[in-house]
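Here is a short report on one protein chain. Look at the sequence and the model first, then read on.

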Amino acid sequence: MSLITVEVSSKNRYDVLHQALMSIAMQTYRPFKLIIFDDSEDNKRIDLRQINIYNNIFKLFDKRNILWEVRFSPQHGQVKNHIEALNLCKTPFLFRMDDD
């Protein structure tokens, strides 16, 4: 089992988020889990699984045995999302990454 959980924060940045996710998926040292915090407003939120490129990236995570989840946290901000990630983290290390 990997020792790392990765947290990615995003807000209305669906145009660049996929690049960050691909970067995580292609690392030689795979994280145990990826948690994506979507901080978008409720009316601007998109189900990433319905977008082809994201669906393919999530399939790649599954194939590489990387657990992943998307958590909707409308306008909580980075600090609250980071605290939530710390509480959810089951590994010794948490790596925080922005969507760009």
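At 45% relative accessibility, Tyr29 counts as partly exposed. The terms are set by relative accessible area: buried is under 20%, exposed is over 50%, and partly exposed is in between (1.4 Å probe, protein chains only). This is a predicted model: local features need pLDDT of at least 70, side-chain atom pairs count only at pLDDT 80 or more, and totals for chains, interfaces and linings use all residues. Residues are numbered from 1 along each chain as its sequence is written, and side-chain values use heavy atoms, with hydrogens and water left out.

**Surface patch**

Tyr29 sits in the loop between helix H1 (14-25) and strand E2 (33-38). Helices (H or I, at least four residues) and strands (E, at least two) are DSSP runs, numbered from the N terminus. Together with Leu3 and Phe93, Tyr29 makes a nonpolar surface patch of about 320 Å². Patch residues have over 30% relative accessible area and no salt bridge; nonpolar side chains (Val, Leu, Ile, Met, Phe, Trp, Tyr) are joined within 5 Å, like charges within 9 Å. A salt bridge is a side-chain nitrogen of Lys or Arg within 4 Å of a carboxyl oxygen of Asp or Glu. Areas come from the Shrake-Rupley method with a 1.4 Å probe; for residues, only the protein chains shown count as cover.

**Two positive phi values**

Most residues other than glycine have a negative phi. Two asparagines in loops have positive values.

| Residue | Phi | Loop | Relative accessible area |
|---|---|---|---|
| Asn12 | near 55° | between strand E1 (4-10) and H1 | 31%, partly exposed |
| Asn65 | about 60° | between helix H2 (52-63) and strand E3 (67-72) | 66%, exposed |

**The core**

In soluble globular proteins, nonpolar side chains tend to be buried together. Which residues touch the most other members of the largest nonpolar core? They are Val8, Leu21, Leu34 and Phe61, out of 17 residues. Such a core is a set of buried Ala, Val, Leu, Ile, Met, Phe, Trp, Tyr and Cys residues joined through side-chain atoms within 4.5 Å. E1, H1, E2 and H2 each supply at least two residues of this core. H1 gives the largest share, six residues.

Contact means heavy atoms within 4.5 Å. Beyond its neighbours within four places in sequence, Leu21 is in contact with Val8, Leu34, Ile36, Tyr54, Ile57, Phe58 and Phe61.

Phe61 belongs to helix H2. Phe61 counts as buried because its relative accessibility is 0%. Not counting residues up to four places away, Phe61 touches Leu21, Ile24, Ala25, Leu34, Ile66 and Trp68. The C-alpha atoms of Phe61 and Arg30 are separated by 9.5 Å, although the two are 31 residues apart along the chain.

**One aromatic pair**

Rings of Phe, Tyr and Trp (its six-membered ring) pair if their centres lie within 6.5 Å; planes under 30 degrees apart count as stacked, over 60 as edge-to-face and the rest as tilted. By this rule the count is one pair. The ring centres of Phe58 and Trp68 are 4.0 Å apart and the planes are at 10°, so the pair is stacked. Phe58 in helix H2 and Trp68 in strand E3 are 10 residues apart, and the pair links distant parts of the chain. Phe58 is buried, at 1% relative accessible area, whereas Trp68 is partly exposed, at 23%.

**A buried asparagine**

Asn81 lies in helix H3 (residues 78-88). With 0% relative accessibility, Asn81 counts as buried. Leaving aside neighbours within four places in sequence, Asn81 is in contact with Glu7, Phe37, Asp39, Ser73 and His76.
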